[in-house]
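Here's a quick walk through the structure, starting with how two helices pack and then moving on to the ligands. Keep the 3D view open as you read.

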Amino acid sequence: MQINDTTAGYGLPTRVFHWLMAVAIVGMYALGLWMVDLNYYSPYYQSAPNLHRSVGMLLLIALVLRFGWRLANRSPSDDELSPIERIAAKIVHWGFYPLLFALMLSGYLMSTADGRPIEVFNWFSVPALIHDKGMEKTAGEIHEFLANLTMLIVLLHSLAALKHHFFDRARTLVRMWSGPAKDQ
Ligand code: HEM
Ligand code: HEM
């Protein structure tokens, strides 16, 4: 079993991080849209935002770990892509990290604007660093915008992955799922 990423393909940690975070991030988007329309009498009025905030903080930790892993590893070769696709893939892949960081940070700032910490599944709490009630609205608008932007880029990224797989018959999707080919 390959642990590190090499020029031949992705190791296990990158693949597990990639797919678990992809499912969690898309799920968080759906949860976010659903929960903002709940009214006070819904049984999920408190628990849904608590779940959203808790998973969000765990995702923030996962993002930092994943970024560290990315920096500590080599990126697999992109020989199968055209020069334009190579640049686009680099921008999107590296761009995901600051974009997701800003999305999670805006969620954190909105949630802690009233000075209260975030309770992560009653497991540990993340203190409020900035207490400023006025920040809630601005951070909320930024959060909504970044969440929509993230989903747009995820859509483009997924379509590109499917194009490489089905039309170009490249190994990009296969190596993100099952790792490098055995003969490499
Ligand atoms: C993958 C990360 C995340 C995604 C995709 C995401 C997505 C969303 C979306 C789509 C909404 C609804 C926006 C609207 O229509 O007004 C929302 C709302 C919200 N998010 Fe997130 N979010 C993420 C992370 C976080 C984090 C880390 C926190 C806090 C720790 C957070 C706290 C909130 C709160 C409090 C709301 C409700 C805002 C309101 O009541 O208007 N989110 N999120
Ligand atoms: C929230 C959703 C997603 C995020 C944030 C995301 C992010 C990333 C990032 C940052 C990379 C670069 C490698 C790394 O640093 O880990 C990557 C690679 C990749 N992603 Fe995603 N991804 C998402 C969803 C998807 C989906 C749904 C698909 C397939 C339909 C997909 C297919 C791929 C493939 C095939 C690669 C490898 C590309 C290559 O080898 O050059 N991703 N993704």
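On the α2 side of the contact with α3 you'll find Arg53, Gly56, Leu59, Leu60, Leu63 and Phe67, and they meet Tyr97, Leu100, Phe101, Met104, Gly107 and Ser111 in α3. Sorted by class, the residues of this contact come out as eight nonpolar, three polar and one charged. Bear in mind that this is a predicted model.

As for the geometry, the axes of α2 (residues 47–72) and α3 come within 10 Å and cross at roughly 145 degrees. The crossing of α2 past α3 is left-handed.

Now α2 by itself. It has 26 residues and spans 37 Å from its first C-alpha to its last, close to the 38 Å expected at 1.5 Å a residue. Which residues of α2 are buried? They are Arg53, Gly56, Met57, Leu59 and Arg66. Those buried residues pack against α1, α3, β1 (118–120) and β2 (124–126). Arg53, Gly56 and Leu59 come up in the buried set, and they also belong to the α2 side of the contact with α3.

On to the ligands. Ligand 1 has 24 residues around it, and Met28, Gly32, Gly56, Gly107 and Ala147 come nearest. The elements giving two or more residues to this shell are α1, α2, α3 and α4. Which element gives the largest share of the shell around ligand 1? That's α2, with seven residues. Gly56 and Gly107, which are among the nearest residues to ligand 1, also take part in the contact of α2 with α3.

Ligand 2 has 20 residues around it, with Ala22, Ile25, His93, Ala161 and Met176 coming nearest. Here the elements that give two or more residues are α1 (12–35), α3 (83–112), α4 (135–166) and α5 (172–178).

Here's how the two shells break down by class:

| Shell | Nonpolar | Polar | Charged |
|---|---|---|---|
| Ligand 1 | 15 residues | seven residues | two residues |
| Ligand 2 | 11 residues | six residues | three residues |

Last stop: Pro43, which sits in the loop between α1 and α2. Is Pro43 buried or exposed? It counts as exposed, because it has 8 C-beta neighbours inside 10 Å, and the cut-off for exposed is 12 or fewer. Pro43 and Gly9 are 34 residues apart along the chain, and their C-alpha atoms are separated by 46 Å.

Notes:
Residues numbered from 1 in each chain as written. Chains lettered and ligands numbered in written order. Predicted model: local features only at pLDDT ≥ 70, side-chain atom pairs only at ≥ 80, totals over all residues. Near = placed C-beta within 6 Å. Helix = DSSP H or I, 4+ residues; strand = E, 2+ residues; numbered from the N terminus. Nonpolar A, V, L, I, M, F, W, Y, C, P; charged D, E, K, R; others polar. Axes fitted to C-alpha atoms, helices over the stretch in contact; angles between N-to-C directions. Left-handed = near helix turned anticlockwise from the far one by under 90°. Contact = placed C-beta atoms within 7 Å. Expected span 1.5 Å × (residues − 1). Buried ≥ 20, exposed ≤ 12 C-beta atoms within 10 Å, placed from the backbone.
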